[in-house]
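Work through the exercises below with the model open. Try each task before reading its solution.

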Amino acid sequence: MFEFCSDPSTLSTFDWFSCYLTNGKHIQFYKSFGLIILLLVLTAPLALMLGLAAAVAIKSNFFLLRLISKTYANIVRGIPDIIFFLFIPITIDQLIEFTRHKIKCPEIIDSVWQGNDFIVCSVAKLPLSSSPQWIHDMYGFSLAILSFTIVYGAFAANTFHGAINSVPRSQIDTGKAFGMNKKQIYFSIIFPQMWRYALPGLSNLWMLLIKSTPLLFLLGIQDIVFWAREIGGSKTSIFQYPHPDWRVWYFLSLLVFYLLLTKISEIALNRVSKKLYLPI
Amino acid sequence: MICESTIELYSLRSLGIGEKLLPKSDITLCDQFVLIGSGIIWNMYFCIIALSLGFIFAISTAIIRNNKYPFISKAIEIYVFVFRGSPLFIQFFCAYELFVLFPKIGIDINLIFTTVTFQTGWLTKAWLGALFVLFLNTTAYSSEIFYGALKSIPKQDIDAANAFGLSNLRKYKKIIIPTMLRNSWASYTNEAIFLFHATTLVFFSSFPAWSQSGDALYYASYFADKTFNPFIPYPIIAAYFIFITLLIILIFKIINVYFNKHLPRERKSSIRFLSNYMR
């Protein structure tokens with residue numbers, strides 16, 4: 001970063017740190033904070049949409065649709081989210097590769113699961129082993145977003161379901177008396193009022209989502225936890241910047257980052273609910 | 001019964017009792033079922049101990065915070081903020097790295113007449129270190145729940161208690177704490193379930209599983225890695241978790257009935273699962 005960084009062993013403490021904290025690995029560490037924000041920004045609207053769709057489906061007249069959406073909404077109540085984070089990516093990965101295997105290599109008739117292995121032909125692999133690294137990263141990150149969306153969509157479905165039920169029954173009856181059809185009732189009566197009841201629950205959900213972002217690490221993504229472990233671990237003198245085990249400081253800085261993130265969110269959400277004259 | 005020998009070998013495997021080696025090839029359905037079930041022991045251990053200790057500490061901290069003592073109330077507020085505002089996953093990492101830094105030999109605690117050596121090495125083991133973090137975490141969340149309930153106790157209730165000339169202790173025992181628990185029980189049920197689910201994080205954060213004795217998720221992911229087939233171990237662990245979650249709800253419902261036994265039957269509010277997740 002700076003010119004005087006060429007030989008760190010000769011530097012004074014302050015200069016050493018200014019070099020150390022701006023080296024290549026640290027830049028990657030700082031960039032991974034953006035990854036967390038990106039995940040939040042992408043997952044929140046997707047999960048809201050999925051949750052709203054599921055909440056409407058719970059009220060549908062079709063038995064099968066009702067059954068599926070109810071099961072989906074209730075499943076997160078009984079099963080820890082981390083199980084989904086481990087289960088969904090590998091399942092979807094296998095599903096895609098299995099389908100591609102069936103289409104691209106129909107000549108191989110052996111079962112894909114052989115003993116303790118999952119074998120598909122090499123052209124069916126996704127991403128292809130010849131693809132550049134960024135495609136692998138993108139693929140992994142998309143799977144992560146998908147898992148977060150599915151889990152938080154189920155939470156949101158519960159919140160929306162409660163909110164839809166909180167819209168006064170008499171208003172819906174009035175709508176019916178005016179001859180509105182189902183779609184009109186949803187769009188001009190339920191949806192505009194639902195937010196008032198849903199917002200406290202959605203605020204909590206946002207907090208829950210923020211606090212589950214470090215689980216990205218378990219999905220094998222190079223996120224802030226990965227880099228904190230990587231950089232913080234003790235470095236011997238063969239490294240350019242030798243230091244003892246500093247992981248605790250790195251994790252404490254992550255703690256502070258999350259505290260700031262939740263505090264700012266809390267202030268912003270309180271402001272929104274005050275603006276809407278909502279009971280907090 | 002084919003499964004009998006497996007149960008004998010592996011049912012207490014998570015505690016280090018029984019067969020040392022985990023099945024490597026020819027993993028049967030029975031192996032998976034028994035080993036994941038044995039891992040559940042850890043999840044229940046963490047949940048039960050952290051929850052029951054946390055319950056007592058949460059009530060005390062909530063009452064202290066509500067009474068607005070100058071420094072200690074502020075300290076509790078900061079503690080609750082730190083533990084509620086950050087992910088449990090990061091808390092595990094922080095705590096583990098801190099515990100590792102402690103001197104290996106132990107800390108001598110000087111009580112006036114005798115010296116006790118506190119074995120700090122235990123803190124880096126999951127059974128104590130992770131339990132400690134889970135305890136601090138659930139205490140913070142429950143403390144916030146109880147504090148909210150304390151603030152919303154009707155002033156008239158306390159006035160009535162004062163008018164009857166109840167002593168401070170009796171006032172807390174007969175009026176304030178029961179009302180607080182009654183009003184916050186639905187939220188606290190949620191907290192208990194979330195804590196139980198959070199126990200799966202223990203062996204996936206930095207706490208290592210010694211000699212492969214981990215919790216249910218540890219074994220489930222072991223099988224998923226070994227067999228490349230996630231469709232058996234994960235549904236098994238999901239079934240276990242759904243079953244125990246239902247058990248927790250049942251127990252908390254029974255306690256709720258006890259709290260509300262003074263109400264006529266039709267007014268007994270049965271706790272429903274909140275659509276408003278507090279955690």
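**Exercise 1. A helix pair in chain A**

This is a predicted model. Find which residues of H2(A) and H7(A) meet, and classify the packing.

Solution.
- Start with the contacts. From H2(A) come A:Leu40, A:Thr43, A:Ala44 and A:Val56; from H7(A) come A:Tyr186, A:Trp206, A:Leu209 and A:Ile210.
- Sort them by class. The contact holds 7 nonpolar residues, 1 polar and no charged.
- Take the geometry. The axes of H2(A), residues 24-58, and H7(A) lie 11 Å apart, at an angle of about 135 degrees.
- Apply the cut-offs. Roughly perpendicular covers 65 to 115 degrees, and roughly antiparallel needs over 145. H2(A) and H7(A) are therefore oblique to each other.
- Add the hand. This crossing is right-handed.

**Exercise 2. The interface**

How many residues of chain A are in contact with chain B, and which element of chain A gives the most?

Solution.
- Count both sides. 40 residues of chain A contact 36 residues of chain B.
- List the contributors. Elements of chain A giving two or more residues are H3, H4, S2, H5, H7 and H9.
- Pick the top one. H9(A) gives the most, with 10 residues.
- Split the chain A side by class. There are 24 nonpolar, 11 polar and 5 charged residues.

**Exercise 3. Positive phi in chain B**

Where is B:Lys68, and is the residue buried or exposed? Repeat for B:Phe228.

Solution.
- B:Lys68 has phi near 55 degrees, positive though not a glycine. The residue sits in the loop between H2 and H3 of chain B.
- B:Lys68 has 9 other C-beta atoms within 10 Å, so it is exposed.
- B:Phe228, also not a glycine, has a positive phi of about 55 degrees. Its loop lies between H8 and H9 of chain B.
- B:Phe228 has 17 such neighbours within 10 Å, so it is partly exposed.

Definitions and conventions:
Residues are numbered from 1 along each chain as its sequence is written. Chains are lettered from A and ligands numbered from 1 in the order in which they are written. This is a predicted model: local features need pLDDT of at least 70, side-chain atom pairs count only at pLDDT 80 or more; totals for chains, interfaces and linings use all residues. Two residues are in contact if their C-beta atoms, placed from the backbone, lie within 7 Å. Helices (H or I, at least four residues) and strands (E, at least two) are DSSP runs, numbered from the N terminus. Ala, Val, Leu, Ile, Met, Phe, Trp, Tyr, Cys and Pro count as nonpolar, Asp, Glu, Lys and Arg as charged, and the others, Gly among them, as polar. Axes are lines fitted to C-alpha atoms, for helices over the stretch in contact, and angles run from 0 to 180 degrees between N-to-C directions. Angles under 35 degrees count as roughly parallel, over 145 as roughly antiparallel, 65 to 115 as roughly perpendicular and the rest as oblique. A crossing is left-handed if the near helix is turned anticlockwise from the far one by less than a right angle, and right-handed if clockwise. A residue is buried if 20 or more other C-beta atoms lie within 10 Å of its own, exposed if 12 or fewer, and partly exposed in between; C-beta atoms are placed from the backbone.
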